[in-house]
Amino acid sequence: MKQKKEINRRQFMKNSSLCIMGGPMLLSHTKRLEKEDATSESPKIKEYRTLGRTGFKVSDIAAGEHHANKAMLEAMLDAGINYIDTAENYGNGRDEIAIGEVIKKRNRKSIFITSKLSLRKKYTKDSLIARTRKCLERLQTDYIDCLMIHACPNVKTVKSKAFHEAMIQLKSEGRVRYVGLSNHGSNWDSDPEESMEKVLLAAAEDGRFDVVLLAYKFMAREMGEKVLKICNEERIGTTLMKTDPISLYLEIKNSVEETKKEGKEVSNYYKNLLSRLEKKSVAGVDFMKQFNLINPKEIQDAAIRFALNNPHVNTVCKTYNNFDDMESYIKLSGSHYSKLSEKKLAVYAQAYGNLYCRHACGLCEPYCPNNVPVNTIMRYNHYFSQKREKHAMLKYANLPTKKADICFSCKGYCETACPYDVPIHGMLIQAHRRLTIA
Ligand code: SF4
Ligand code: SF4
């Protein structure tokens, strides 16, 4: 049997660099990289957890959206990641195509693949079956381990007759093994009352779902803890997304500086907001010093450890923008959460709690006279922060609702309604500017 070639980060870097070098420069560069190879080791997954009733042992750190880079996908699998999350619409199908190219050379049974179908547009049992067959084609596989309803908008969709009938047929054909759904809170096309908790608890009660994908993080733990506990009781697999807090300190600091640099005239409201944010930035520096935190990365790592520390969590899906991201997340596999980390996170949550718009929330949305989808816009803003600017801006441009430009002339009813005292009025204006480069 042909031996599997391991493509790690260094190998990838080496291959990429060789293409643009030549002669003595190339030789010395290769020698240096080989020397580094001998002294450094790529991190590996250290822990596998049982994914609910599927019984599959999945790596505690998983591969989330964004798989266009095949070399990175190869490196993830080599590092021991065996759970890949994708969807029919990620990169308009390009994510699934890249995954297909990589997994066809691997032991298919050792990898758990989840894909998702959005049920927002009109659909029938037959159209869902046809769309699943397209996913299978792109993935170049005979079966999908778990097929999910993508960002399931409400309890009615949890019960969708067409979806469940399609799944029964696909399961009987061996094309789909398990069924799941994802949710990260209210969406522009659903009732804000249809919270993440409500939708996911309905799915757990329904009994036909084997895996759920949800947003859960220490800054908004109350929104996921109950779901995780019930899923554990029902032996439903749990995969997490959006575990890390936005790098609030840096974002706020940059936003303040950029707005000042632009020299644009701002409303009194926005001036007041900036001053509040500046004060928070100063408090942020004190906070960092007090806890000896060199950069927000430590908070980010602690946030992932916080999620891994919950025994009801089976795996944490991360999006990797580059090899550094990937290695730093994989290093956290199997790691434990110390009392000190717990204290740091508690202090962080207290210091920044009112500057953080919770994902999966939307409690303020019914108070907006213009039906602006606050939660969704702040989610796109989060994608922007994750360095997925194009994706975030495209999503925002395609939002079929009123956008946050309308907030410029509003009194900010959403802000008065937010139970967490988030200055959301100004944050929406800031998000609109970023997402449109206005
Ligand atoms: S502003 Fe407050 S109420 Fe509105 S979505 Fe954010 S956290 Fe929830
Ligand atoms: S600022 Fe006004 S228009 Fe904008 S989301 Fe809040 S209530 Fe709606």
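I take two strands to pair if DSSP finds at least two bridges between them, and I keep that in mind while I go through this predicted model.

**Entry 1, the strands around S6.** I looked up which residue in S7 is the bridge partner of Leu-147, and I found Val-179 there. Turning to the other neighbour, I noted that Leu-147 in S6 is also the bridge partner of Ser-115. Strand S5, residues 112-118, runs parallel to S6 and is joined to it by five bridges, and S6 in turn is joined by five bridges to strand S7, residues 176-183, again in parallel. I then checked how S5 leads on to S6, and recorded that the two strands, with helix H5 (residues 125-139), make a right-handed β-α-β unit. As for burial, strand S6, which spans residues 144-150, is mostly covered, since seven of its seven residues count as buried.

**Entry 2, Leu-77.** I located Leu-77 in helix H3, which covers residues 70-78. Is Leu-77 buried or exposed? I noted it as buried, because 23 other C-beta atoms lie within 10 Å, and the cut-off for that term is 20 or more. I also looked at Ala-63, which is 14 residues from Leu-77 in sequence and 9.1 Å from it in space, taken from C-alpha to C-alpha.

**Entry 3, the nonpolar cores.** Nonpolar side chains tend to be buried together in soluble globular proteins, so I looked for such groups here. The largest nonpolar core has 78 residues, and those that touch the most other members are Met-76, Val-212, Leu-214, Ala-307 and Val-316. Helix H12, residues 297-309, gives the largest share of this core, with six residues. I also found a second, separate core of 24 residues, which includes Tyr-383, Cys-414, Ile-424 and Leu-428.

**Entry 4, the two ligands.** Around ligand 1 I listed 13 residues, of which Cys-357, Cys-361, Cys-364, Cys-418 and Ile-424 come nearest. By class, the shell around ligand 1 has 10 nonpolar, two polar and one charged residues. For ligand 2, I wrote down surrounding residues that include Cys-368, Cys-407, Cys-410, Cys-414, His-425 and Leu-428. Which helices each supply at least two residues of the shell around ligand 2? I found that helix H17 (413-417) and helix H18 (424-436) do so. The shell around ligand 2 divides into nine nonpolar and three polar residues, with no charged ones. Comparing my entries, I saw that Cys-414 and Leu-428, which I had listed around ligand 2, are also among the members of the second core.

Technical notes: Residues numbered from 1 in each chain as written. Chains lettered and ligands numbered in written order. Predicted model: local features only at pLDDT ≥ 70, side-chain atom pairs only at ≥ 80, totals over all residues. Near = placed C-beta within 6 Å. Helix = DSSP H or I, 4+ residues; strand = E, 2+ residues; numbered from the N terminus. Nonpolar A, V, L, I, M, F, W, Y, C, P; charged D, E, K, R; others polar. Buried ≥ 20, exposed ≤ 12 C-beta atoms within 10 Å, placed from the backbone. Right-handed = clockwise from strand over helix to strand, strands pointing away. Core = buried A, V, L, I, M, F, W, Y, C linked by C-beta atoms within 7 Å.
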